[in-house]
Amino acid sequence: MTDHLFRPQFTPPVQRVLERLYSETIEQDPIRRAEAQSAGLNHDGEHGFYQAMSGARMPVTPEFGALLYVLARSSSAQHIVDAEISQKGCTSG
């Protein structure tokens, strides 16, 4: 568990947005997985699985999100890129 000394403290509005996004992601992932399974795609390695899951978000626990935040701040990162893999960004073959 993340110690509160190392957990970033966000303003209440920012914290509410982060909690809402995480909550939506946790609710959405099982629905997207069920849709993929109903299409006959049962696991990550199957051809077409990632395309079926393209609308899903990747759930990042609050603790892991705090780690990413601390790493970005401690390295004085000036740009953060969310490298999303989507139909537009990659081709299958």
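Which residues form a nonpolar patch on the surface? That was my opening entry, and I found Phe64, Leu67, Leu68 and Leu71. Together they have about 350 Å² of accessible area.

A reminder to myself: this is a predicted model, so I looked up the confidence next. The chain averages a pLDDT of 76, and 81% of the residues score at least 70. Among the elements of the chain, I noted the highest mean pLDDT, 85, for H1 and the lowest, 80, for helix H2 (residues 49–52). Over residues 85–93 the pLDDT falls below 50. Beyond near neighbours in sequence, I see 3 contacts for this stretch in the model.

Back to one member of the patch, leucine 68. I located leucine 68 in helix H3. Its relative accessibility is 42%, so I wrote it down as partly exposed, the class between 20% and 50%.

Then I looked at H3 itself. This helix covers residues 62–74, which makes 13 residues. From first C-alpha to last, H3 reaches 18 Å, close to the 18 Å expected at 1.5 Å a residue. After H3 comes serine 76, and I noted its positive phi, near 55 degrees.

My last stop was aspartate 29, which sits in helix H1 (residues 12–38). Is aspartate 29 buried or exposed? I entered it as buried, because its relative accessible area is 17% and the cut-off is under 20%. Which residues does aspartate 29 contact, leaving aside neighbours within four places in sequence? I found Met53 and Ala56.

How values were computed:
Residues numbered from 1 in each chain as written. Predicted model: local features only at pLDDT ≥ 70, side-chain atom pairs only at ≥ 80, totals over all residues. Heavy atoms only, no water. Helix = DSSP H or I, 4+ residues; strand = E, 2+ residues; numbered from the N terminus. Expected span 1.5 Å × (residues − 1). Buried < 20%, exposed > 50% of the residue type's maximum accessible area, 1.4 Å probe, protein only. Contact = heavy atoms within 4.5 Å. pLDDT = per-residue confidence, 0-100. Patch = residues over 30% accessible without salt bridge, like charges linked within 9 Å, V, L, I, M, F, W, Y side chains within 5 Å. Areas by Shrake-Rupley, 256 points an atom, 1.4 Å probe, with all protein chains shown as cover. Salt bridge = Lys/Arg side-chain N within 4 Å of Asp/Glu carboxyl O.
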